[in-house]
Amino acid sequence: MSGRLRIERVVTSGVFELDGGTWEVDNNVWVVGDDDEVVVVDAAHDADPILEAISDRDVIAVVCTHGHNDHVTFAPQLAEYAYAPVLLHPGDDPLWQLTHPGEPYWPLHDQQRIGIAGTEIHVLHAPGHSPGSVCLHLPEADTLFSGDTLFSGGPGATGRSFSDFPTIIGSIRDRLLTLPEHTRVYTGHGDDTTIGTEAPHLSEWIARGY
């Protein structure tokens, strides 16, 4: 792995909208790369702090962990600005169309690899929070970007359209908790955690049903 690789968190604020409801939210935007190039994970809400973090570096891709509006607000505009593709799992096309109808994106698939800064991001399809939710694993950096699939304290929400609790539990159990315990989990909202911190609580999450 390139020693130059670094991970930067940008927190943006805005509104999540679905099923007729609105919620004020803070989102983690992740800028992953080195001095020359970056991948932007979840270009949410406010353009200015994201562009400031990118600076003059090349954007290789704008990757969406899922299609909820609060994670993709700035994605098409950033892609156009940076001459970079938006990558989204096609399972979330219905959600994407709610926010950016007719805007193009490139399909993101399970086990896809995205090269950045001398290493690779591995795409893990992890449905449940939404049909096309993905997590992004950097094995050489012992890091996982979990989107809204796994948080510090449990799984992402499944009480709205296009979500399913048993499905997200299966994704977390089979795709995420099998990663090394020391893997650092960078989430779509709030604080980071580790796989080892969360794994012992799986049965509690199943019992409580959320």
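## Strands 7 and 8, and their sheet

Let's start with a pair of strands: strand 7 and strand 8 (residues 119-125) run antiparallel to each other and share four bridges. One of the residue pairs here is easy to find, as Ile116 has Thr119 of strand 8 for its bridge partner. This is a predicted model, so please read everything below as a description of that prediction.

The two strands belong to an open sheet of six strands, ordered 7-8-9-10-13-14, with mixed pairing. At its edges stand strand 7 (113-116) and strand 14 (193-194); each has a single partner strand, so one side of each has no neighbour in the sheet. As general background, the strands of a sheet pair through backbone hydrogen bonds, in either a parallel or an antiparallel sense.

## A second sheet

Another open sheet is built from six strands in the order 1-2-3-4-5-6, and its pairing is mixed. Here the edge positions go to strand 1 (6-18) and strand 6 (106-107), each with a single partner strand, so one side of each is left without a neighbour in the sheet.

Inside this order, strand 4 and strand 5 (residues 86-88) run parallel and are joined by two bridges. If you would like a landmark for this pairing, look for Val63, which stands opposite Leu87 in strand 5.

## His68 and its surroundings

Follow the chain on from strand 4 (58-63) and you come to His68, in the loop that leads to helix 2 (69-72). Is His68 buried or exposed? With a relative accessibility of 4%, His68 counts as buried, because the cut-off for that class is under 20%.

Which residues does His68 touch, leaving aside those up to four places away in sequence? They are Phe16, Leu18, Leu95 and His129. With His129 there is also a polar contact between the two side chains, at 3.1 Å.

## The cavity beside the histidines

Searching the whole structure turns up one cavity of 30 Å³ or more. The largest cavity holds about 40 Å³ of space. Both histidines of the polar contact, His68 and His129, are among the residues that line this cavity. Leu18, one of the contacts of His68, is in the lining too.

The rest of the lining consists of Ala157, Thr158, Gly159, Arg160, Ser161 and Ser163. Sorted by class, the lining has six polar residues, two nonpolar residues and one charged residue.

Definitions and conventions: Residues are numbered from 1 along each chain as its sequence is written. This is a predicted model: local features need pLDDT of at least 70, side-chain atom pairs count only at pLDDT 80 or more; totals for chains, interfaces and linings use all residues. Side-chain values use heavy atoms; hydrogens and water are left out. Buried means under 20% relative accessible area, exposed over 50%, partly exposed in between (1.4 Å probe, protein chains only). A polar contact is a pair of N or O atoms within 3.5 Å; within protein, one must be able to donate a hydrogen and the other to accept it, and residues adjacent in sequence count only if both atoms are side-chain atoms. Contact means heavy atoms within 4.5 Å. On a 1 Å grid over the protein atoms alone, a cavity is a set of points where a 1.4 Å probe fits but cannot get out, and a pocket is an open set with protein on both sides within 12 Å along at least five of seven lines; lining residues have an atom within 4 Å of a point. Grid points are joined across faces, edges and corners, and a volume is the space filled by probe spheres set on the points. Ala, Val, Leu, Ile, Met, Phe, Trp, Tyr, Cys and Pro count as nonpolar, Asp, Glu, Lys and Arg as charged, and the others, Gly among them, as polar. Two strands pair if DSSP finds at least two bridges between them.
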